[in-house]
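Biologist: Hi! Could you walk me through a strand and a couple of backbone oddities in this one?
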Amino acid sequence: MKKFMITAFLAAAFAVGCGSSQTAESTNTAAGSDTEASAGETPAEVSGSVTMNGSTSMEKLASALSEAFMEKYSGVTATAEFTGSSAGIESVAAGSVDIGNSSRALKDEELAKGLVENIVAIDGIAVVTNTTNSVDDLTLDQLTAIYTGEITNWSEVGGDDSQIVVIGREAGSGTRGAFEELLGIEDACKYAQEIDSTGAVMAKVASIEGSIGYVSLDVVDDTVKALMLEGVEATEDNIKAGDYPLQRPFVMATRGEISEQSEAVQAFFDYIASDEGQEVIKSVGLITVE
């Protein structure tokens, strides 16, 4: 199987626990097939199903890819549920779905179960506040102190005299796991509210003055204010350059290598690796793996 080269910034950010990582490009080598195609090409005659479960942060990506894939290959049904990264990983490990969508790198114990970490895109984690907030920029130390409860008022970081309402994701969320791991504050956060989806975090931050939360970069809109970190905006260029500190892989985990999956699942990964699939990834605001 041909494997992508993972960019330097991604390898550095997720070196721990990613020993079995690979990107989603694969050659079309389904068992029993006499067709040889270059990576990203898929035979038109494909049938079957592709089932996914996992990260709510990957809902926009998984839905867009599934819809575009089924439009091109009408003989395949692609479906996805969104119950959180850990639940998705457990589902694929148990064999109840083909793909476990995870918005964090797989852990060593998950890799030890025979799961393969197929990185399909890169996402930035944006730190967002209510639009009334006067603060534009935080250092990583300040952000850490806010989430561990050491800083409780916006006046302590140059803002107005108002209480900070710390909002985060629920336990088991890939976004929460990646955020806490990147800041080194696992199990140390003092949350006022723990929310069960990316969209719900956005809505809560938009409605509560003084609030702060973290969400996938691709969902940020003008209902919230995205903060700079260390003077760096959360943009694709800054993430690719390695300047923005909060970034993570979007993973479609499989039991075994892509070449060991069903014809339909292999075709799905081939589609993701194709030029058309890469454009879908870009269209939902994510960064392609180069």
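Modeller: Happy to; we'll take a strand and its partners, then some phi angles, bearing in mind that this is a predicted model.

Biologist: How many residues of strand E7 are buried?
Modeller: Five of its five residues, 165-169, are buried. Val165, Ile167 and Arg169 point one way, while Val166 and Gly168 point the other way.

Biologist: And which strand does E7 join over three bridges?
Modeller: That's E8, and the two run parallel. Glycine 168 of E7 stands opposite glutamate 194 in E8. Between these strands the chain passes through H6, making a right-handed β-α-β crossover.

Biologist: In what sense do E7 and E9 pair?
Modeller: Parallel, over two bridges, with E9 covering residues 211-216. There, valine 166 sits opposite isoleucine 212.

Biologist: New topic: what is phi at aspartate 187?
Modeller: Near 65°, so a positive value in a residue that isn't glycine. Most residues other than glycine have a negative phi.

Biologist: Where is aspartate 187, then?
Modeller: Aspartate 187 is in the loop between helix H6 (174-183) and strand E8 (193-195).

Biologist: Is aspartate 187 buried or exposed?
Modeller: Exposed, because its relative accessible area is 76%, over the 50% cut-off.

Biologist: What about phi at glutamate 230?
Modeller: Also positive, about 55°, and glutamate 230 is not a glycine either. The loop holding glutamate 230 runs between strand E11 (228-229) and helix H8 (236-240).

Biologist: And how accessible is glutamate 230?
Modeller: Glutamate 230 counts as partly exposed because its relative accessibility is 46%.

Definitions and conventions
Residues are numbered from 1 along each chain as its sequence is written. This is a predicted model: local features need pLDDT of at least 70, side-chain atom pairs count only at pLDDT 80 or more; totals for chains, interfaces and linings use all residues. Side-chain values use heavy atoms; hydrogens and water are left out. Helices (H or I, at least four residues) and strands (E, at least two) are DSSP runs, numbered from the N terminus. Buried means under 20% relative accessible area, exposed over 50%, partly exposed in between (1.4 Å probe, protein chains only). Two strands pair if DSSP finds at least two bridges between them. A crossover is right-handed if, with the strands pointing away from the viewer, the path from the first strand over the helix to the second runs clockwise.
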